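Subject: Structure handover

Hello,

Here is the structure for your set-up. Please open it first, then read the notes below.

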Amino acid sequence: MWLRLRSRAAASRLAFAARPTASTPGTHGSPWPTSSSMWSSTTSSPLLMRAANLESPWRSGVPDGHELRQWRPDALLNLQRASSTHASKQPGLRQRENTATELHATYAVSMRPHPGKAHSGGEDAYFVEGRFFGVADGVGGWAGEGVDAAAYARTLMRNAKSVASSCDESVDAFGVLTSAFENVDASVRGSSTAVVCSLGNQQLDVVSVGDSACMLIRDGKILLRTQEQQHYFNCPLQLGSYQGADKPSAGTRVRVRVQAGDICVIATDGLWDNVDEERIVSLMLSHPLEEAVKECSALAQDIGANTSADTPFSRNALRHGLAYEGGKLDDVTIVAAAIRS
């Protein structure tokens, strides 16, 4: 069973959504829907696409939260732990510095829930811990089953942070996500997309599952952009604790060398569905890091609320033969890492 629930606003503008009419065995013993099958949104099950207006309890923190952390990681060479100092910069903004060897990373975070879920914080989650950072996006379709659609994503990221805080230098991003996934208690229902990254030995290591994604910017150009993985349009691969859920091994794994001046951006689909990649690059290069992530998340929601905007999501829908106009208002969570010498 794969779950996806689109927003109510988006549902009114999406004429068709892919639905399985025939299947062949999938990689995890689940039916794999044919890409050509379509169905009318007026009869669509609420279990197929992400909800944007559903409420759920939120993680600790503040809605529309922004965070800045500076880390001078020994882990870029060997994951030796270093003492750190913490300084409060402003409400919702924290900074952390560790002793440096050769390269270091400055992290900035922006998390904006869907306006209709501002009081509960939405269904996204993230973590930053040493050389590791990640985002997750809870699949909203579970709300129709009476399940907190954010619970799985938050648990997954909490587990990932715990693993990252105690692992040795041999553990990479895939190892952290796999351990986090395997340690989600079976009582936590739901599913989530995810991206986890690690910095070490002057390399960026990435694992992504679903439509949350990673971009690496160098010299004003996109050096790396992971692509979404979907069972069918708007139904991404998703980690979960139910039988037939996707596993981290089904995702995309990438390793690339990094250098001073590189900027890594990971985000949930609320960013990628609404803002063109070139615009993201422009914002990241024209603002300080902490301002850039806030500008990107604000722009994503502005465009998401525009019912006539030309967006990556609307163009992708058209490529799948679906009639859709405008943005796709959603939670937006961004973690950016600027690599410095």
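**Helix 7 and its packing**

The buried residues of helix 7 pack against strand 15 (230-232) and helix 4. Those buried residues are Pro 312, Phe 313, Ser 314, Asn 316 and Ala 317. Buried means under 20% relative accessible area, exposed over 50%, and partly exposed in between, with a 1.4 Å probe and protein chains only. Packing here rests on contacts, that is, heavy atoms within 4.5 Å. Helices (H or I, at least four residues) and strands (E, at least two) are DSSP runs, numbered from the N terminus. After helix 7 comes Gly 321, with a positive phi near 75°.

**Ground rules**

This is a predicted model: local features need pLDDT of at least 70, side-chain atom pairs count only at pLDDT 80 or more, and totals for chains, interfaces and linings use all residues. Residues are numbered from 1 along each chain as its sequence is written, and side-chain values use heavy atoms, with hydrogens and water left out.

**Overall**

The protein has seven helices and 20 strands. Of its 341 residues, 59% are buried. Take the contacts between residues at least 6 apart in sequence: 76% of them join residues at least 24 apart. The exposed surface is about 13500 Å², and carbon and sulfur atoms supply 49% of it. Areas come from the Shrake-Rupley method with a 1.4 Å probe; for residues, only the protein chains shown count as cover.

**The second largest pocket**

The volume of the second largest pocket is about 380 Å³. A pocket is an open set of points on a 1 Å grid over the protein atoms alone, where a 1.4 Å probe fits, with protein on both sides within 12 Å along at least five of seven lines. Grid points are joined across faces, edges and corners, and the volume is the space filled by probe spheres set on them.

The lining of this pocket has 22 residues. Lining residues have an atom within 4 Å of a point. Nearest the centre lie Arg 225, Glu 228, Trp 272, Pro 312 and Asn 316. Three elements give two or more residues to the lining: helix 4 (269-272), helix 5 (277-286) and helix 7 (312-319). Helix 7 gives the most, with five residues. By type, the lining divides into six nonpolar, five polar and eleven charged residues. Ala, Val, Leu, Ile, Met, Phe, Trp, Tyr, Cys and Pro count as nonpolar; Asp, Glu, Lys and Arg as charged; the others, Gly among them, as polar.

**Aromatic pairs**

The whole structure holds four aromatic pairs. Rings of Phe, Tyr and Trp (its six-membered ring) pair if their centres lie within 6.5 Å; planes under 30 degrees apart count as stacked, over 60 as edge-to-face and the rest as tilted. One of the four pairs is Phe 233 with Phe 313, a tilted pair at 5.5 Å centre to centre and 35° between the planes. This pair links distant parts of the chain, 80 residues apart. Phe 233 sits in the loop between strand 15 and strand 16 (235-236), and Phe 313 in helix 7. Phe 233 is buried, at 3% relative accessible area. Phe 313 is buried too, at 4%. Ring pairs join Phe 233, Phe 313 and Tyr 324 into a cluster.

**Ala 194 and Thr 268**

Ala 194 lies in strand 11 (191-200). Its relative accessibility is 0%, so Ala 194 counts as buried. Leaving aside neighbours within four places in sequence, Ala 194 has contacts that include Leu 156, Leu 177, Val 207, Val 209 and Leu 239.

Thr 268 lies in the loop between strand 19 (263-267) and helix 4. Thr 268 is buried, also at 0%. Among the residues that Thr 268 touches, not counting those up to four places away in sequence, are Asp 124, Asp 137, Asp 331 and Thr 333. Ala 194 and Thr 268 are 74 residues apart in sequence and 7.9 Å apart in space, C-alpha to C-alpha. For Thr 268 and Tyr 126, the figures are 142 residues and 9.6 Å, C-alpha to C-alpha.

**Two backbone angles to check**

Asn 201 lies in the loop between strand 11 and strand 12 (203-209). Its phi is near 50°, positive in a residue other than glycine. Asn 201 is partly exposed, at 46% relative accessibility. Gln 202 is in the loop between strand 11 and strand 12. Gln 202 has a positive phi of about 60°, and is not a glycine. At 22% relative accessibility, Gln 202 counts as partly exposed.

Best wishes
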